[in-house]
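Student: Before we discuss this protein, could you put the model in front of us, so that each term can be set against its definition?

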Amino acid sequence: MSSSKKHSSSSSEKRNVILLSDGTGETASHMMSAAMVQFPGEKVHFVRFKRITTEEQIDAICDDAVVSKALVVYTVVTPNLRSALVKNAKTKAITTIDLL
């Protein structure tokens, strides 16, 4: 007798995804929309943070990601902001996807 769960049983859980960008956030939004076509039964709550300009904003968003157990998908070009995000994610054990 197997005690493993099927993947479809997890679709009742809402997943949180933070889309983060130092620009408009359109690239991350479009790419996630395209990816979600592959998972029609999944319940996902997206929150988009766009035009991020400070490391303090990055810190606060990462704190939110920890609390909500969110995946962070980002398109950040500005070097110091990228660095702050990578450092925060590593320190706080946040799963991230860099789309650039």
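Tutor: Take helix α2, residues 55–68, whose 14 residues should span 20 Å at 1.5 Å a residue. This is a predicted model, in which local features need pLDDT of at least 70, side-chain atom pairs count only at pLDDT 80 or more, and totals for chains, interfaces and linings use all residues. Residues are numbered from 1 along each chain as its sequence is written, and side-chain values use heavy atoms, with hydrogens and water left out.

Student: How do you know that the length of α2 agrees with the expected span?

Tutor: The expected span is 1.5 Å times one less than the number of residues, and the end C-alpha atoms of α2 are 20 Å apart, which agrees with the expected 20 Å.

Student: Which residues of α2 are called buried, and what puts them on the same side?

Tutor: I58, I61, C62 and A65 are buried, that is, under 20% relative accessible area with a 1.4 Å probe and protein chains only, whereas exposed means over 50%. These buried residues cover an arc of only 105° around the axis, which puts them on the same side of α2; the arc is that of the directions from the helix axis to the C-beta atoms. On the other side of α2, E56 and V67 are exposed.

Student: What covers the buried residues of α2?

Tutor: Their cover includes β1, β2 (43–49), β3 (71–75) and α3 (79–92), where contact means heavy atoms within 4.5 Å.

Student: What follows α2?

Tutor: K69 follows α2, and its phi is positive, near 55°.

Methods:
Helices (H or I, at least four residues) and strands (E, at least two) are DSSP runs, numbered from the N terminus.
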